[in-house]
Amino acid sequence: MPIDTDTIADTIRQALCFGSIRPSREELAATDEELRGHVALLLAEVRRTTSPHPPDRYRLDRISKHMAFPLGKGMLSAYAEVPQRARDCQWLLAHFTASRDEYKSGPGSTPAAPAAGRRA
């Protein structure tokens, strides 16, 4: 199944914006479910992919363990857990895209200069 990095990035952005608004419990739960799917997919890919810069195994294990726990029942725990899952997903997505040389620079960033001796 191909990984849709744009959809994953949109979900991460939405989850991280929850700090500036008051989402309902249902919105938090729905976003958590989306993030769980993205994290599961990315975790499998990141663990499978070999790259010259392997990911932090401790962080991968922590993310895997965090996936085993459902979203907390209280609003405070949900407010804490959804952004943390979004940051985990963001880290996995960054590693995944970097390992595939698919990194897309954000708005306002400048493209890398061509290497010396090469024409653009």
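This passage describes the overall fold of a predicted model, then the packing of two of its helices and the setting of one aspartate.

The protein chain contains four helices and zero strands, giving the pattern α-α-α-α when read along the sequence. Of its 120 residues, 33% count as buried. The accessible surface of the chain comes to about 8000 Å², and carbon and sulfur atoms account for 58% of that area. Contacts across the sequence are also worth a look: among those between residues at least 6 apart, 74% join residues at least 24 apart.

A helix pair offers a handy place to look next. The axes of helix 1 (residues 5–16) and helix 4 come within 9 Å and cross at roughly 150 degrees. Because angles over 145 degrees count as roughly antiparallel, helix 1 and helix 4 are described as roughly antiparallel to each other. Their crossing is left-handed. On the helix 1 side, the contact is made by T5, I8, A9, I12, A15 and L16; helix 4 contributes V82, P83, A86, R87, C89, Q90, L93, F96 and T97. By character, the residues of this contact divide into eleven nonpolar, three polar and one charged.

Helix 4, which spans residues 75–99, also holds D88. This aspartate has a relative accessibility of 1%, and because buried means under 20%, D88 counts as buried. Leaving aside residues up to four places away in sequence, D88 touches R59, R62, I63 and H66.

Notes
Residues numbered from 1 in each chain as written. Predicted model: local features only at pLDDT ≥ 70, side-chain atom pairs only at ≥ 80, totals over all residues. Heavy atoms only, no water. Helix = DSSP H or I, 4+ residues; strand = E, 2+ residues; numbered from the N terminus. Buried < 20%, exposed > 50% of the residue type's maximum accessible area, 1.4 Å probe, protein only. Contact = heavy atoms within 4.5 Å. Areas by Shrake-Rupley, 256 points an atom, 1.4 Å probe, with all protein chains shown as cover. Axes fitted to C-alpha atoms, helices over the stretch in contact; angles between N-to-C directions. Parallel < 35°, antiparallel > 145°, perpendicular 65-115°, else oblique. Left-handed = near helix turned anticlockwise from the far one by under 90°. Nonpolar A, V, L, I, M, F, W, Y, C, P; charged D, E, K, R; others polar.
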